[in-house]
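Q: Hello! I am new to this structure and would like a close look at a single part of it.

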Amino acid sequence: MRLSNLADYAVVLMSAAARQCGSVPLHAALLAERAGIPGPTAQKLVSGLARAGLLVASRGSGGGVRLARPAAAISVADIIEAVEGPIALTSCVAEGRHDCSLEGSCKVQPHWGVVNGAVRGALQNISLATLSVAPTTPNPFVSSEVETPLDSARTIGLSTSLEANGISV
C-alpha cells in the first residue's frame, strides 16, 4: 500500500502549516516554499484542504492560509481522506462499489472491513501535532540494520540445530 504523491504532499504541507503558522495566516507561496512543494501543487492542495475544512484560506492584505482547528485535532486520516477520499484498501470495502470479480464467492471479503478499519484507525490516531515536532524516540519500524532470514533463524534457535548437523552459520 502506498499513498499517492498528492496525499504525501498534503501531509507535508499540513505539517509545515502546523509548524510555521498555527493560527496566524501564512501566504500559500511561503508555505509551499517551507514545505518544499511546487507552488501550483500547493495551491491545488490548499484549495482541497480548505474545502475539507482543514485549512482556512483568506485573500487580501493580511490574508493567507492557517489551520482550521488545532493540529492535535487533525489526524493523518483526515488529511489523506481530504485528498483521496475515504480510505479503502480494496474495492469491496468502499461503499457502493461492486466491481470485484470475486464478489459473491470471496471468503475474505467479510474480513476486509476489519482490516480497513484497523489501518484507518492507526492513521486516525496520529495527529498533525505529532508530525509537526521532531521525534524523540527512534522509529521502531525503521531499522538501521538489515535483518536477514538467517538472523531471524538465530533468534528462534535454529542456528544451534543447524550447527549440530554440521552446518556452519
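Which residues in H2 are buried? Please also tell me what lies around them.

A: Happy to help, and please keep in mind that this is a predicted model. In H2, the buried residues are Ala28, Leu31, Ala32 and Ala35. Looking down the axis of H2, you would see these buried residues fall within an arc of 100 degrees, so they line one face of the helix. On the face turned away from that buried side sit Ala29 and Glu33, which are exposed. The cover over the buried residues of H2 includes H1, H3 and E2. Just past the end of H2 comes Gly36, with a positive phi of about 75 degrees.

From here we can step out to the nonpolar core. The largest such core has 30 residues, and Leu13, Met14, Leu49, Leu55, Leu67, Ile79 and Leu128 have the most contacts inside it. Helix H2 (28–35) supplies at least two residues of this core, as do helix H1 (5–20), helix H3 (39–51), strand E2 (64–67) and helix H4 (76–84). H1 gives the largest share, seven residues.

Let us follow one of those core residues. Beyond its neighbours within four places in sequence, Met14 is in contact with Leu49, Leu54, Leu55, Leu67, Ile74, Ile79 and Leu128.

Ser15 is worth a look too, and it is found in helix H1. Its relative accessibility is 6%, so Ser15 counts as buried. Setting aside residues up to four places away in sequence, Ser15 touches Leu128, Leu131 and Ser132.

Methods: Residues are numbered from 1 along each chain as its sequence is written. This is a predicted model: local features need pLDDT of at least 70, side-chain atom pairs count only at pLDDT 80 or more; totals for chains, interfaces and linings use all residues. Side-chain values use heavy atoms; hydrogens and water are left out. A nonpolar core is a set of buried Ala, Val, Leu, Ile, Met, Phe, Trp, Tyr and Cys residues joined through side-chain atoms within 4.5 Å. Buried means under 20% relative accessible area, exposed over 50%, partly exposed in between (1.4 Å probe, protein chains only). Helices (H or I, at least four residues) and strands (E, at least two) are DSSP runs, numbered from the N terminus. Contact means heavy atoms within 4.5 Å. The arc is that of the directions from the helix axis to the C-beta atoms.
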